[in-house]
Amino acid sequence: MIRLLQRFALLTIALIAPLTVHAADIKIGFVNSSVLLEQAPQAEQAKQKLEQEFSAREEELRLLRQEVQEMESRLNRDGVTMNEGDRGNLERELNRKLRDLQRQQSNFRDDLNLRKNEELGKLQRMVLDAIREVAREQGYDLVLSEGVVYSADRVELTKDVLDRLEQLGR
């Protein structure tokens, strides 16, 4: 049994030895894609674009919330002194406005999330293209990203890719 293990160990070493010789010629780099997605100028541009696109709807929701709050406080303040018909009408109107507010908030969140995902997808494709360009220009054979526990500064490409994205953003 020991002899079999020794032969297996020798065979494994014989197979791996040529790989280590060739691995010395491979140039490997690392990028922190989280940093790139946060600090790229295109990320800020996308954020501003979304804020512009959704600011009018957000203002509408704010006004509707304010209207609902005013109706609730009027009902709480004056509900006991109102006649039965007026109080019932106010409660129905308040319930209708609450449903409308909830529906509009839900639609707003869905639309905003959809657009955020679209913009994030564009940004991710742009970052990936920039990583590939930098890697080709600098002669890297392999570029790693997430899941790396440690990388030396000499293999860190994040700054180079961020510079490339800044050039593209101008």
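**View 1. Overall fold and burial in the predicted model.** Of the 170 residues of the protein, 26% count as buried, in a model that is predicted rather than experimentally determined. The protein holds 5 helices and 2 strands, and these elements run α-β-α-α-α-β-α when followed from the N terminus. Among contacts between residues at least 6 apart in sequence, 83% join residues that are at least 24 apart. The protein exposes about 12,500 Å², and carbon and sulfur atoms supply 53% of that area.

**View 2. The largest nonpolar core.** This core comprises 15 residues, of which V31, L36, V127, I131, V161 and L165 touch the most other members. Helices α4 (84-137) and α5 (158-169) each supply at least two residues of the core, and the largest share, 6 residues, comes from α4. With neighbours within four places in sequence left aside, L36 is in contact with V31, V127, I131, T158, V161, L162 and L165.

**View 3. A second nonpolar core.** Separate from the core around L36, V127 and V161, a second core of 13 residues is present in the model, and its members include L50, L64, V68 and M82.

**View 4. The aromatic pair of F54 and F108.** The structure holds 1 aromatic pair, formed by F54 and F108 in an edge-to-face arrangement, with 5.7 Å from centre to centre and 85° between the planes. F54 lies in helix α3 (residues 41-78) and F108 in helix α4, so the pair ties together parts of the protein that are 54 residues apart in sequence. Both rings belong to residues that count as buried because their relative accessible areas fall under 20%: the value is 5% for F54 and 10% for F108.

**View 5. A nonpolar patch on the surface.** The residues I26, I28, L142 and L144 form a nonpolar patch on the surface, and together they have about 310 Å² of accessible area. Within this patch, I28 has its place in strand β1, which spans residues 28-30. The relative accessible area of I28 is 36%, so this residue is classed as partly exposed, a class that lies between the limits of 20% for buried and 50% for exposed residues.

Terms used: Residues are numbered from 1 along each chain as its sequence is written. This is a predicted model: local features need pLDDT of at least 70, side-chain atom pairs count only at pLDDT 80 or more; totals for chains, interfaces and linings use all residues. Side-chain values use heavy atoms; hydrogens and water are left out. Patches are made of residues with over 30% relative accessible area and no salt bridge: like charges are joined within 9 Å, nonpolar side chains (Val, Leu, Ile, Met, Phe, Trp, Tyr) within 5 Å. Accessible areas come from the Shrake-Rupley method with a 1.4 Å probe; for residues, only the protein chains shown count as cover. A salt bridge is a side-chain nitrogen of Lys or Arg within 4 Å of a carboxyl oxygen of Asp or Glu. Helices (H or I, at least four residues) and strands (E, at least two) are DSSP runs, numbered from the N terminus. Buried means under 20% relative accessible area, exposed over 50%, partly exposed in between (1.4 Å probe, protein chains only). A nonpolar core is a set of buried Ala, Val, Leu, Ile, Met, Phe, Trp, Tyr and Cys residues joined through side-chain atoms within 4.5 Å. Contact means heavy atoms within 4.5 Å. Rings of Phe, Tyr and Trp (its six-membered ring) pair if their centres lie within 6.5 Å; planes under 30 degrees apart count as stacked, over 60 as edge-to-face and the rest as tilted.
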